[in-house]
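Q: Got a minute to go through this one with me? I'd like to start with helix packing and then look at a sheet.
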Amino acid sequence: MIYRMPKFEYLAPKTLEEALSLLSQYKERAKVLAGGTDLLVRMKERKATPAYLIDFGNVKDLDYVRRDNEGGLRIGALATHQSIVDSNLVRGGYEVLADACRKIGTPQIKNMGTIGGNLCNAGPSADSAPPLLVLEAKLKLASAKGWREVALDRFFTGPFQTVMEDDELLTEIILPPVPPRTGGSYQWLTKITAVDETLVGVAVLAVVDDKNGIVKDARIALCSVAPTPMRAKKAEEVLRGREVKDGLIEEVAMVAASETRPRSRADYRRRMSAVLAKRAIKEAIATAMSHGG
Amino acid sequence: MMKQVSLTVNGEVYEVAVEPWWTLLEVLREKLYLTGAKRGCDRGDCGACTVLIDGKAKLSCLTLAVKAQGKEILTVEGLAQDEELHPIQRAFVEQGAVQCGFCTPGMVLAAKALLDRNPTPSEEEVSEGLSGNLCRCTGYTKIIEAVLVASETMERRQETAR
């Protein structure tokens, strides 16, 4: 297959301010280029034909993973999936994010694709979303008028749709600190395609009290089983504050599966949601128990 | 509007005028006549267009040529030193890892990127490192063996050098 890229005017701002100014000027006539692994494919398919392409990739200091003053984590929107996998800050309670990023695409796609691009593309099967949801990530959105923070929980509005205005750019992902004895797990099944798109993905974050085996806090998120990545909040309620016993995890997993709204292969996806949720909860709790904090 | 770009490929600097919508793959093949990188799927699924950019394996079909300015690009043509094949190339030939050869440039470069990061990979790590490169002919067995053989050769060379 030979694709012909559509024509466009190429703009390469060097600073965030310049990029925001261009975006506020051209708005819906422009698209923002980060890693290119989603946008350029859509352009080749003629699903996107912007008159202007704003190359966000030259803007400095947006590719980082760093600790903030509260002990949380800040990830620049242009951090590649591979840099998140490689970072020694995305460990301990945050490691579930690195596990998901390790699964994404292929080595080449991990080297090119950015976490910001992955989120803004807002695919229902975005692997980075469930870990970020259970870590209760907030997104920093900037525009020429200022900036705002949006909880990731409120960011996705539909398949490939977000709350972002057409003059906004995602600049940073903010992760709050995680308590000691926090463990996570990401479990998935894929469609057997060239890049193994996720068929069902489940992330769990558990905080345990190892003295009495109680799950102090639990968060469960899924992708590819609803129009957007989602939290299974009813299931979390069932698990939170309870002592870990075998029957309980089954129950929680079934509740999580009942909260899904898959469109296609619905029966299989629902059943696999329960299977993967059970595995993820078990692994997250075991990991939490093993962490020194 | 055409832009003048400087592309550093295999250590040489090329001055090329490009349209912004041309991919690096198109420019390498059609302007620089470096036809090692292949147009397989042209959409990021097959890896036949793989080149190394600043040492990292990337897909040239999803890279705009204008973005490659100021980076070090390595194609398969840049691997051999004079008349001597790179150990990875030699291993592919000697282990029978080449049938039609279409995936080979991408595979060899992906293997190089893997071994540069992880000089002694396990079989599973080799599989993972090559997971972005599809082959329709070989069934991958010989390719993985070749990469493992190459890693041993390269490790021995490092030992002798020390």
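Q: How do α3(B) and α5(B) lie to each other?
A: They're oblique, a word for angles outside under 35 (roughly parallel), over 145 (roughly antiparallel) and 65 to 115 degrees (roughly perpendicular). In this predicted model, local features need pLDDT of at least 70 and side-chain atom pairs 80 or more, while totals for chains, interfaces and linings use all residues. Residues count from 1 along each chain, chains are lettered from A, and side-chain values use heavy atoms, without hydrogens or water.

Q: What's the angle, and how far apart are the axes?
A: About 45 degrees and 11 Å, for α3 (104-117) and α5 (141-161) of chain B. Axes are fitted to C-alpha atoms over the stretch in contact, with angles from 0 to 180 degrees between N-to-C directions. Helices are DSSP runs of H or I, at least four residues, and strands are E runs of at least two.

Q: Which residues make the contact?
A: From α3(B), B:Met107, B:Ala111, B:Leu114 and B:Leu115; from α5(B), B:Ile143, B:Val147, B:Ala150, B:Ser151 and B:Met154. Contact means heavy atoms within 4.5 Å.

Q: Switching to the sheet in chain A: what's the strand order?
A: β11-β12-β13-β14, an open sheet with antiparallel pairing. Pairing takes at least two DSSP bridges between two strands. β11 (182-190) and β14 (230-231) of chain A are at the edges with a single partner strand each, so one side of each lacks a neighbour in the sheet.

Q: How many bridges link β12(A) and β13(A)?
A: 9, between residues 198-209 and 214-223 of chain A. A:Val207 has A:Asp217 of β13(A) as its bridge partner.
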